[in-house]
Amino acid sequence: MEDDIKTQFLKAYDAYADALFRHCYFRIYDQELAKDLVQEAFCRTWDYLSQGKKISNLRAFLYQVLRNIIVDEMRKRKHLSLDQLIEEGFYPVDKSGQNMEQTLIAKDVASILKLLDEPYREVMQLRFIDDLLPREIAAVLEVSENVVSVRIYRGIKKLR
């Protein structure tokens, strides 16, 4: 049984680590901190699994753990908000100087998403950037699928 859990966990790491990093990075805009927080999410998930507890949707569980870690980290830090940084012209830039097109797209998406209120912004990011299904988003945010669908619909409507 321990081998099944280990195999499941390693497959989840391979499948979701990059997506979790992107999600975290677009929430905090700090590459090293994002790596640390994703690592912490996987450590906490491993601890949870090693205690013999069951997880029905590992992807949604990982996003929920990461979301909670990000919230905790933001509460600890009293720095400028992301909105303030974006207004001052700060956007994530690839240190290697490559992929400028993706950097520009990310800049556009960030500026568009900042027009939305937080509940809509978060749902839109999880749905369209992180490609989570509404049921997975509902599990991450601990709300019903209907609430998620309404927020997606209203977010799109506000953006139009």
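The following exchange goes through a predicted model and asks what supports each description of it.

User: What makes up the fold of the protein chain, in helices and strands?

Analyst: The protein chain has 8 helices and 0 strands. Its pattern along the sequence is therefore written α-α-α-α-α-α-α-α. Buried residues account for 36% of the 160 residues. Of the contacts between residues at least 6 apart in sequence, 64% join residues at least 24 apart.

User: Why are α7 and α8 called roughly perpendicular?

Analyst: The axes of α7 (residues 134-141) and α8 (residues 145-159) cross at roughly 110° and come within 8 Å. Angles of 65 to 115 degrees count as roughly perpendicular, and therefore α7 and α8 are given that name. On the α7 side, the contact is made by Pro-134, Arg-135, Ile-137, Ala-138 and Leu-141. Glu-145, Val-148, Ser-149 and Arg-151 make it on the α8 side.

User: What is the make-up of the contact of α7 with α8 by class?

Analyst: There are 5 nonpolar, 1 polar and 3 charged residues in the contact. Pro, Ile, Ala, Leu and Val count as nonpolar, and Glu and Arg as charged.

User: How do you know whether Glu-142, in the loop between α7 and α8, is buried or exposed?

Analyst: The relative accessible area of Glu-142 is 63%. The cut-off for exposed is over 50%, so Glu-142 is exposed. Glu-142 also has a positive phi of about 60°, although it is not a glycine.

User: Which other residue, in the loop between α1 and α2, can be set beside it?

Analyst: Tyr-29 is found in the loop between α1 (2-28) and α2 (31-50). Tyr-29 has a positive phi of about 55° and is not a glycine. Its relative accessibility is 11%, and buried means under 20%, so Tyr-29 counts as buried.

User: What makes Tyr-153 buried or exposed?

Analyst: Tyr-153 is found in helix α8. Its relative accessible area is 54%, which is over 50%, so Tyr-153 is exposed. The C-alpha atoms of Tyr-153 and Met-124 are separated by 9.4 Å, with their positions 29 residues apart along the chain.

User: Why is the pair of Phe-9 and Phe-42 called edge-to-face?

Analyst: A pair of aromatic rings is described by the distance of the centres and the angle of the planes. The structure holds 8 aromatic pairs. In the pair of Phe-9 and Phe-42, the centres are 5.8 Å apart and the planes stand at 85°. Centres within 6.5 Å make a pair, and planes over 60 degrees apart make it edge-to-face, so the Phe-9 and Phe-42 pair takes that name. The pair links distant parts of the chain, since Phe-9 lies in helix α1 and Phe-42 in helix α2, 33 residues apart. Ring pairs also link Phe-9, Tyr-13, Phe-42 and Trp-46 into a cluster.

User: How do you know whether Phe-9 and Phe-42 are buried or exposed?

Analyst: Phe-9 has a relative accessible area of 11%, and Phe-42 has a relative accessibility of 2%. Buried means under 20%, so Phe-9 is buried and Phe-42 counts as buried.

User: What agrees with the span expected for α2 at 1.5 Å a residue?

Analyst: The 20 residues of α2 should span 28 Å, and the end C-alpha atoms are 29 Å apart, which agrees. Its buried residues are Leu-33, Ala-34, Leu-37, Val-38, Ala-41, Phe-42, Thr-45 and Leu-49. An α-helix has 3.6 residues a turn, so residues three or four places apart point the same way. What covers the buried residues of α2 includes α1 and α3.

User: How many residues does α3 have, and what span do they give?

Analyst: α3 has 19 residues and reaches 27 Å from its first C-alpha to its last, close to the 27 Å expected at 1.5 Å a residue. Its buried residues include Leu-58, Phe-61, Leu-62, Val-65, Ile-69 and Glu-73. The cover over the buried residues of α3 includes α1, α2, α6 (118-129) and α7.

User: Why does Gln-64 count as buried?

Analyst: Gln-64, found in helix α3 (residues 58-76), has 15% relative accessibility. That value is under 20%, so Gln-64 counts as buried. Leaving out residues up to four places away in sequence, Gln-64 touches Ala-139, Val-140 and Glu-142.

How values were computed
Residues numbered from 1 in each chain as written. Predicted model: local features only at pLDDT ≥ 70, side-chain atom pairs only at ≥ 80, totals over all residues. Heavy atoms only, no water. Axes fitted to C-alpha atoms, helices over the stretch in contact; angles between N-to-C directions. Helix = DSSP H or I, 4+ residues; strand = E, 2+ residues; numbered from the N terminus. Parallel < 35°, antiparallel > 145°, perpendicular 65-115°, else oblique. Contact = heavy atoms within 4.5 Å. Buried < 20%, exposed > 50% of the residue type's maximum accessible area, 1.4 Å probe, protein only. Phe/Tyr/Trp six-rings, centres within 6.5 Å; stacked < 30°, edge-to-face > 60°. Expected span 1.5 Å × (residues − 1).
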